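Student: Please pick one part of this structure and take a close look at it with me. I would then like to hear how the rest of the chain fits around it.

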Amino acid sequence: MEITYASSSSRDLAAAAAERTVTPPLSSSSSSSAMPHSRPVKVIPLLHPSAAPSSSAAASAAAGSLWLRWRSKVKRMTWAEWIEVFLPCVRWIRRYKWREYLQIDLMAGMTVGVMLVPQAMSYAKLAGLEPIYGLYSGFVPVFVYAVFGSSRQLAVGPVALVSLLVSNVLSAIVDSSDELYTELAILLAFMVGVLECIMGLLRLGWLIRFISHSVISGFTTASAIVIGLSQAKYFLGYDIVRSSKIVPLIKSIIAGADGFLWPPFVMGCAILAILLVMKHLGKSRKYLRFLRAAGPLTAVVLGTTVVKIFNISSISLVGEIPQGLPSFSVPKNFGYITSLIPTALLITGVAILESVGIAKALAAKNGYELDSNQELFGLGVSNILGSFFSAYPTTGSFSRSAVNHESGAKTGVSGIVTGIIMGCALLFLTPLFEYIPQCALAAIVISAVMGLVDYQEAIFLWRVDKKDFLLWTITSTTTLFLGIEIGVLVGVGASLAFVIHESANPHIAVLGRLPGTTVYRNIEQYPEAYTYNGIVIVRIDAPIYFANISHIKDRLREYEIEVDKSTRRGPEVDRIYFVILEMAPVTYIDSSAVQALKDLHQEYKSRDIQIAISNPNRDILLTFSKSGVVDMIGKEWFFVRVHDAVQVCLQHVQNIKETPTTPDLPPEERPSLLQRLLRQTGEDLSIPELESGNQRPPASTDTDPQLEPLLPRKP
């Protein structure tokens, strides 16, 4: 029988392709005349790295090509395109359809502005600041983001989670009644803006990908519970301790029960119920969508009206709010930067996770592309310039962005309209805000964060992936009981630990051939797939490097012994002689893995087992070539397809079976695998017979199609 093997050079490959027949190197005594029922088998030749350019030359060529493409792109850019890079707003300004978009943007901006005014004051109270600083934070950053931000629907301003983070860190440094507290909150906005700009310019947004969705969900769920409990003091009528841990909050609520007051509790619960009903109606019925945005304003108007009519002294009010726009001032107290860095990093991470995720989703729904790094830069600039006008850290709001999108906002004009409304509120409406009940603002915060309690995600994770559910549980529990910072660190650490564990213990599958095909698949997924005696086919579904090579070697040793023999075909042999490694999914292999593979080859060689490599990519082949693995294993044992490797190995297994053994010789004198193959003089069976498991040539050409390989017969 004649078989075409992978040859060692491109010249040999060309010759092999032309002739399509090369005598097998390990069974020289076989011939086509001895096997009337055999048919030639074509093994697709594999191009070895000796015919490829050197790695250094390839790297230089790639770098040169990249530089040329970049330079060509820069030369082609017009002055208008350069302006769009630094001012993304130019993209929608140039294409703005005034008649079609202006009215929609005006309505969307007014809706979000009406929603933002009471929310901004509520979130400022949550952050431990005076309500006026919430209004300041919803003024300048909104205008700046409309110019530098790349999202056309994202609504920027104060948010509950960031406000809680600000309160948590600053309350540990200074009392909230101290002027230093406010100055540090403004300094924190400046630091967050600088970090976001740096990450945007250096294109480092990809770092947040290492935080899984289950960690984010668990963190936000626990934070929402803490935020809700922290607002309970406005409902109950007495002070409770300021903390980001659930236990001190509950203890404080129980300990101060003697100071409970009914009027703020009844008013707060009534306003909260109204907000929840309006939110539900706004979500469930399209024609009532305006109720969702009007909820916060309705709560403020109702609360203020009740207080003005009944003049209830036990209900605490917001108090006097300064009138007028914020003045320009540079952030102070830079000596506290070191103690604020961890919180600035955490707020930056939350901004990326929340804002960029929302912005990308809205961009996809509205049919335009969004650059994550440009988005980070826009958020950073809005925080930096906002800090010069007394704003504390801001980011994109999920609820207001959803309302902006549902209202039909097309461009950043809606954000500019929102900023104008905030400016009007600062100029003309602050005297009215003096009579707003604090329980009404607390109800606005609680209604906003109730949507962050993502228990449905926990149920989903329990059904789908127990590991992710465990991660969700760990993050939420540690955040609740140990605090926000520790909760985030534990959640991120656990997430990275899961990534490392999965990387160090990659999925490895034993492959079998699907009946009637030349396709090889996981035998656990396809029980009907059959394997061959003397051969084990293993697919490694991950890059191979120092952390997982030990696990891979251990699994290979297990497969050598424990592979199920119930679906085996081919010549009857008592053990494994060939291990075929399917390396198509392997994208990278490092030097430690290469050395381990050499050791494994020597170990196999001592037990007369041959390694065959199937479908390695170009980089893997280059690594194997430079490290000497190709020469050690043999170029003839590298194949394009698993099926090619199986056919060659089947032929050799049959040769081994027919070679007489010498059991009386001591182990050191027994012939090796290659020696026995070279001494083999028996008649080879055809490839179809070896694959079907029969030991004799068929009496006719009508064979079972389930056992027939899909290689065409030659006429």
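Tutor: Happy to, and let's begin with a term we need straight away: a residue is buried when its relative accessible area is under 20%, exposed when that value is over 50%, and partly exposed in between, using a 1.4 Å probe and the protein chains only. Helices (H or I, at least four residues) and strands (E, at least two) are DSSP runs, numbered from the N terminus. This is a predicted model, so local features need pLDDT of at least 70 and side-chain atom pairs count only at pLDDT 80 or more, while totals for chains, interfaces and linings use all residues. Residues are numbered from 1 along each chain as its sequence is written, and side-chain values use heavy atoms, with hydrogens and water left out.

The part I'd choose is helix 18, which spans residues 413-433 and has a kink of about 60° at L427. The bend at a residue is the angle between two fitted axes, one through the seven residues ending there and one through the seven starting there. The proline P431 follows shortly after the kink. Several residues of helix 18 are buried, among them V413, S414, G415, V417, T418 and G419. Further along the helix, M422, G423, A425, L426, T430 and F433 are buried too. What covers them? Contact here means heavy atoms within 4.5 Å, and the cover includes helix 4 (89-94), helix 5 (98-126), helix 6 (131-137), helix 7 (140-148) and helix 17 (398-406).

Helix 17 gives us a way outward. A salt bridge is a side-chain nitrogen of Lys or Arg within 4 Å of a carboxyl oxygen of Asp or Glu, and E406 forms one with R292 at 2.9 Å, N to O. E406 sits in helix 17 and R292 in helix 14 (residues 290-310), so the pair links distant parts of the chain, 114 residues apart. The two ends differ in cover: E406 is partly exposed at 28% relative accessible area, whereas R292 is buried at 12%.

The whole structure holds 9 salt bridges. Another joins E502 and K467 at 2.6 Å, N to O. It ties helix 22 (residues 484-504), home of E502, to helix 21 (residues 466-482), home of K467, across 35 residues of chain. Here E502 is partly exposed at 41%, and K467 is partly exposed at 40%. A third pairs E603 with R607 at 3.2 Å, N to O. Salt bridges with shared partners join these two, D554 and R557 into one network.

For a contact without charges, try I337 in helix 15 (residues 337-366), partly exposed at 27%. Beyond its neighbours within four places in sequence, I337 is in contact with L187 and M191. Its C-alpha atom lies 8.2 Å from that of L188, which is 149 residues away along the chain.

Finally, the overall picture: the protein chain has 29 helices and 10 strands, and 50% of its 715 residues are buried. Among contacts with a separation of 6 or more, 80% are between residues 24 or more positions apart. The accessible surface comes to about 33,200 Å², of which 61% belongs to carbon and sulfur atoms. Those areas come from the Shrake-Rupley method with a 1.4 Å probe, and for residues only the protein chains shown count as cover.
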